[in-house]
Amino acid sequence: MSLLDDAKAVRENAHAPYSGFKVGAALRTPSGKVFAGCNVENAAYPEGTCAEAGAIAAMVAAGETEIAEIAVVGDAPAPVSPCGGCRQKIAEFAPPGVRVTMANMQGDTLSLAIEDLLPHAFAKAQMEG
Ligand code: THU
């Protein structure tokens, strides 16, 4: 099963009664383990969380801190692009060169390196004098 298949599978579990827009994300770490997440919305709208955030939280909770590859999918006319906040969250754990695969349910895909998805990212190095 590809990472994209994992993202599609977890997307089915998304809790998106407000937007109706289900998103799935799956990431692989250098150890080969896969962590998946879906968006979880809330009646108090700003409290909802994105699919990518769920996958990252599962990875960190399992004791891992590096993303080797990540895929995101939703039912959209074009491949689903991680929101700005999720780009920052991915960049926290994804070294330059890591591929972010965006996809829709029709099979369109777009794969970009994290540094092309979030150029000039704010990172820990900028807080070091
Ligand atoms: N969403 C994600 O899960 N990931 C993204 O990168 C884009 C947006 C979710 C948030 C919300 O539940 C729904 O998609 C509509 O914005």
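1. Let's start with the ligand and its neighbours. In this predicted model, the residues around the ligand are Ser19, Phe21, Val23, Asn39, Glu41, Cys50, Ala51, Glu52, Ser81, Pro82 and Cys83. Try finding each of them in the 3D view. Sorted by class, this shell holds six nonpolar, three polar and two charged residues.

2. Next, have a look at the oxygen atoms of the ligand. One oxygen atom of the ligand lies 2.5 Å from an N or O atom in the side chain of Glu41. For Glu52, the distance from a ligand oxygen atom to a side-chain N or O atom is 2.7 Å. At Ala51 the partner belongs to the backbone: a polar backbone atom of Ala51 is 2.9 Å from an oxygen atom of the ligand.

3. How much of the ligand does the protein bury? On its own, the ligand exposes 380 Å², and the protein buries 76% of that area.

4. Which pocket does the ligand occupy? The ligand takes up the space of the second largest pocket. The volume of this pocket is about 160 Å³. Its lining is made of 14 residues, and those closest to the centre are Val23, Asn39, Cys50, Ala51 and Glu52. By class, the lining of the second largest pocket counts eight nonpolar, four polar and two charged residues.

5. Now turn to the largest pocket, which holds about 230 Å³ of space. Here too the lining has 14 residues; Ala91, Glu92, Ala121, Phe122 and Ala123 are the closest to the centre of the largest pocket. You can sort this lining into ten nonpolar, one polar and three charged residues.

6. Which elements give two or more residues to the lining of the largest pocket? They are helix H3 (84-93) and helix H4 (114-117). H3 supplies the largest share of this lining, with three residues.

7. One last tip for your own viewing. Colour Glu41 and Glu52 first, as the side chains of Glu41 and Glu52 each have an N or O atom facing the distances given above. Then move to helix H3 (84-93), one of the elements in the lining of the largest pocket.

Conventions:
Residues are numbered from 1 along each chain as its sequence is written. This is a predicted model: local features need pLDDT of at least 70, side-chain atom pairs count only at pLDDT 80 or more; totals for chains, interfaces and linings use all residues. Side-chain values use heavy atoms; hydrogens and water are left out. A residue is near a molecule or strand if one of its heavy atoms lies within 4 Å of it. A polar contact is a pair of N or O atoms within 3.5 Å; within protein, one must be able to donate a hydrogen and the other to accept it, and residues adjacent in sequence count only if both atoms are side-chain atoms. Accessible areas come from the Shrake-Rupley method with a 1.4 Å probe; for residues, only the protein chains shown count as cover. On a 1 Å grid over the protein atoms alone, a cavity is a set of points where a 1.4 Å probe fits but cannot get out, and a pocket is an open set with protein on both sides within 12 Å along at least five of seven lines; lining residues have an atom within 4 Å of a point. A molecule sits in a cavity or pocket if more than half of its atoms lie within 2 Å of its grid points. Ala, Val, Leu, Ile, Met, Phe, Trp, Tyr, Cys and Pro count as nonpolar, Asp, Glu, Lys and Arg as charged, and the others, Gly among them, as polar. Grid points are joined across faces, edges and corners, and a volume is the space filled by probe spheres set on the points. Helices (H or I, at least four residues) and strands (E, at least two) are DSSP runs, numbered from the N terminus.
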